[in-house]
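Welcome, and please have the sequence and the 3D view open side by side. Let's take a walk through the helices, the hairpins and a few individual residues.

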Amino acid sequence: MRLRTHVAFSMGLIALLEVLLSVVNPVLVIGSSFVLSYLVNFIIDALGHEERAGRPVRSPRTHTVGRSFTIGLVLGLAVALFLHYMAPVNLMQATVVTLMGPMVGWSHMLLDSLTEGGVFVKRKGRWVRFALAHWSYRNPAANWLFTMLGLAMLAYSIALMLHVVPP
C-alpha cells in the first residue's frame, strides 16, 4: 500500500484504540495518532526498502512482525516521553501512547501482507515472503478502501470523544 494509505489507516485505528482505552483528550488523541502513524510508517518504509534493478523492494530489515513491533515500540516510547515531559500528559495516557506504536507497526504489516510483495516470515531459518492477497501496492481500490476505513475510524473516535455516539 502507499504511505498515505498506511498513515490514514493506522491513524484511524490507533485514535479509536486510544479512545476505547479511555484517553479522552481530543488534542492528545489526534496529535499522537498522526505523529505516531507518520513516524512509524515512514521509518518502516525508509529503512525497509532497497533498490533492485531500479525498483524499490521490501527487505526483512523492517518488514517482519517482530521488527515492526520493535520500531513501533521505540518510537511510541519516544513520543510518549516527549509528551509526558512537555505536555500535561499523565502516566496512563503516556503508556497508552507508547503501546500504540507497535499497533502502527502491526497495521503496516497487515496492509503490506495484502500486497504482492507481502511481508517476511522465518521458515527453516530463512526469510520468506508471506502474502494474504497479491494486490499491487498501487491498487487504487485497495488504497482507497483502507484510506476510507482509516478516516471512518478517526471520525468514529472523534464522535466517541464528543459523546455524539454511544460506545
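The sections below go from the core to the helix pairs, then to the hairpins and two buried residues.

## The nonpolar core

A word before we start: this is a predicted model. A good place to begin is its largest nonpolar core, which has 36 residues. Leu36 and Val97 are the residues with the most contacts inside this core. Five helices each supply at least two of the core residues: α1 (3-20), α2 (26-48), α3 (65-86), α4 (91-113) and α5 (140-161). As a general backdrop, nonpolar side chains in soluble globular proteins tend to be buried together.

Val97 deserves a closer look. Setting aside its neighbours within four places in sequence, Val97 is in contact with Glu18, Leu28, Ser32, Leu36, Gly76, Val79, Ala80 and Leu83. Leu36, the other residue singled out for its contacts inside the core, is thus on the contact list of Val97.

## How α2 meets α4

The axes of α2 and α4 are 9 Å apart, and the two helices pack at an angle of about 40 degrees. Because angles under 35 degrees count as roughly parallel, this pair falls outside that class, and α2 is oblique to α4. The crossing of α2 past α4 is right-handed.

On the α2 side, the contact is made by Leu28, Ser32, Leu36, Ser37, Val40, Asn41, Ile44 and Asp45. The α4 side brings Gln93, Val97, Met100, Gly101, Val104, Gly105, His108 and Met109. Both Leu36 and Val97 take part in this contact.

## How α1 meets α5

Now turn to α1 and α5, whose axes come within 7 Å and cross at roughly 25 degrees. That angle makes α1 roughly parallel to α5, and the crossing is left-handed.

Among the α1 residues that meet α5 are Phe9, Gly12, Leu16 and Leu20. The α5 residues they face as a group include Phe146, Gly150, Leu154 and Met161.

## Two hairpins

Strand β1 (residues 49-52) pairs with β2 in the antiparallel sense over four bridges. Glu51 has Pro56 of β2 as its bridge partner. The two strands form a hairpin with two residues between them, and Ala53 in the turn has a positive phi of about 55 degrees.

Strands β3 (residues 119-123) and β4 (residues 126-130) are also antiparallel, paired over five bridges. Here Val121 has Val128 of β4 as its bridge partner. β3 and β4 form a hairpin too, with two residues between the strands, and Lys124 in the turn has a positive phi of about 55 degrees.

## Two buried residues

Thr64 sits in the loop between β2 (55-58) and α3. Its relative accessibility is 3%, so Thr64 counts as buried. Leaving out neighbours within four places in sequence, Thr64 is in contact with Met109, Phe120 and Trp127.

Pro102 has its place in helix α4. With 3% relative accessibility, Pro102 counts as buried because the cut-off is under 20%. Not counting residues up to four places away in sequence, Pro102 touches Phe69, Gly72 and Leu73. Pro102 and Gly12 are 90 residues apart in sequence, and their C-alpha atoms are 15 Å apart in space.

Terms used. Residues numbered from 1 in each chain as written. Predicted model: local features only at pLDDT ≥ 70, side-chain atom pairs only at ≥ 80, totals over all residues. Heavy atoms only, no water. Pairing = 2+ DSSP bridges. Core = buried A, V, L, I, M, F, W, Y, C linked by side-chain atoms within 4.5 Å. Buried < 20%, exposed > 50% of the residue type's maximum accessible area, 1.4 Å probe, protein only. Contact = heavy atoms within 4.5 Å. Axes fitted to C-alpha atoms, helices over the stretch in contact; angles between N-to-C directions. Parallel < 35°, antiparallel > 145°, perpendicular 65-115°, else oblique. Left-handed = near helix turned anticlockwise from the far one by under 90°.
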